[in-house]
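The following note sets out some points for a colleague who is examining this model. Please read them alongside the sequence and the coordinates.

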Amino acid sequence: MSLRLRLLGRLAGLLAKPQMARVIDPDLARGAMERGAVLFFRMPPFVAALPLVLGGRPALSVRSGPAARGALVLHLHGGAHVAGGPRTHLAMMARFARLAGVEVILPDHRLAPEHPHPAALTDSLAVWDDLIARGHAPGQIVLSGDSAGGGLALSLLARLCARGTPPAGLIAFSPWTDLTGSGASIRENAATDPMLPAERLDEVARLYLGPHAANDPDASPLFAAFPGCPPVLLHCSQSEILRDDSLRMAERLRGFGAEVTVQSWPDALHVWHFFDGWVPEARAALSDAARAARRMLSLPDRQ
């Protein structure tokens, strides 16, 4: 672990985690995430972020440098299903777009509690269908997501597998896949996770679920089916409370014959990828994900 990551973890433990434990108003959570994105997430040079509408929802088309023609990454943002949006995730995904040499689509799906489950999944599926209607083949698209958006991407993947039209692959950063909160790491890592307060997880899940059960496969992809699943890459931190959401998700996917790679980092923050430009572990993780995306899209390795 680098000194920078160690210092970042301490700072998160002093500032971010206590704030997340206190904030119960979704509007305050949204404002805090937007301010954090401006203050801490570094934008690479030469970013083109063009607004568009997909599936009836606002979205951004993000490029940073040359992009392979026709290749897309559809990234579903995190924020515990109640916060976040294309702008909060623009810097991270612009860096990913630059490393992978692809266009990234960032849709603005609806948020809970105003729009509980299944609104976000409905929006994501509509975005996918619109991309296909515009001429993109499923094999030209990699799904990705972080945190709650990683779980949402996996829920979308299950729907697409059921249709027999899966994407080229899926990449998820610290995905939240089990809203029942049954993973052992939620208890084991409650003290070591420098970012997420374990005691708030069930409360936030209820905001998203509304009347639906926490084990609904559309909400908790850990319980979904994935016939004909494409390759999947999962990143997680060994010290985060959602560690087992990735590890158990990998076993679930392998049960359907999927090729799954899990990479875990010691003592990293939840979705540490945001901090590229601050800590070397973020660049290493984003670079690894970018190489995986190019392999999934059958693009040559970049020199």
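1. For the charge count used here, Lys and Arg are taken as positive and Asp and Glu as negative, while His and the chain ends are left out. On that basis the protein chain carries 30 positive and 28 negative charges, and the mean positions of the two sets lie 6 Å apart. Please note that this is a predicted model.

2. As to overall architecture, the protein chain contains 9 helices and 8 strands. Its C-alpha atoms occupy a box of roughly 45 × 40 × 35 Å along the principal axes.

3. The radius of gyration of the protein chain is 17 Å, which agrees with a compact globule, because a globule of 303 residues would be expected to have a value near 19 Å.

4. Contacts in the protein chain with a separation of 6 or more come, to 80%, from residues 24 or more positions apart.

5. Burial and surface may be taken together. Of the 303 residues, 56% count as buried. The exposed area of the protein chain is about 12100 Å², with 58% supplied by carbon and sulfur atoms.

6. In soluble globular proteins, nonpolar side chains tend to be buried together. Here the largest nonpolar core comprises 94 residues, and Leu74, Phe96, Val104, Leu157, Ile171 and Leu253 have the most contacts inside it. Helix 5 (residues 148-163) provides the largest share of this core, with 9 residues.

7. Ile171 merits inspection in the viewer. Leaving aside residues up to four places away in sequence, Ile171 touches a set of residues including Phe96, Val142, Leu143, Leu233, Ala289 and Met296. Ser144 and Gly145 are also among the residues that Ile171 touches.

Note on methods
Residues numbered from 1 in each chain as written. Predicted model: local features only at pLDDT ≥ 70, side-chain atom pairs only at ≥ 80, totals over all residues. Heavy atoms only, no water. Helix = DSSP H or I, 4+ residues; strand = E, 2+ residues; numbered from the N terminus. Rg over C-alpha atoms; globule rule 2.2 N^0.38 Å. Buried < 20%, exposed > 50% of the residue type's maximum accessible area, 1.4 Å probe, protein only. Contact = heavy atoms within 4.5 Å. Areas by Shrake-Rupley, 256 points an atom, 1.4 Å probe, with all protein chains shown as cover. Charge placed at Lys NZ, Arg CZ, Asp CG, Glu CD. Core = buried A, V, L, I, M, F, W, Y, C linked by side-chain atoms within 4.5 Å.
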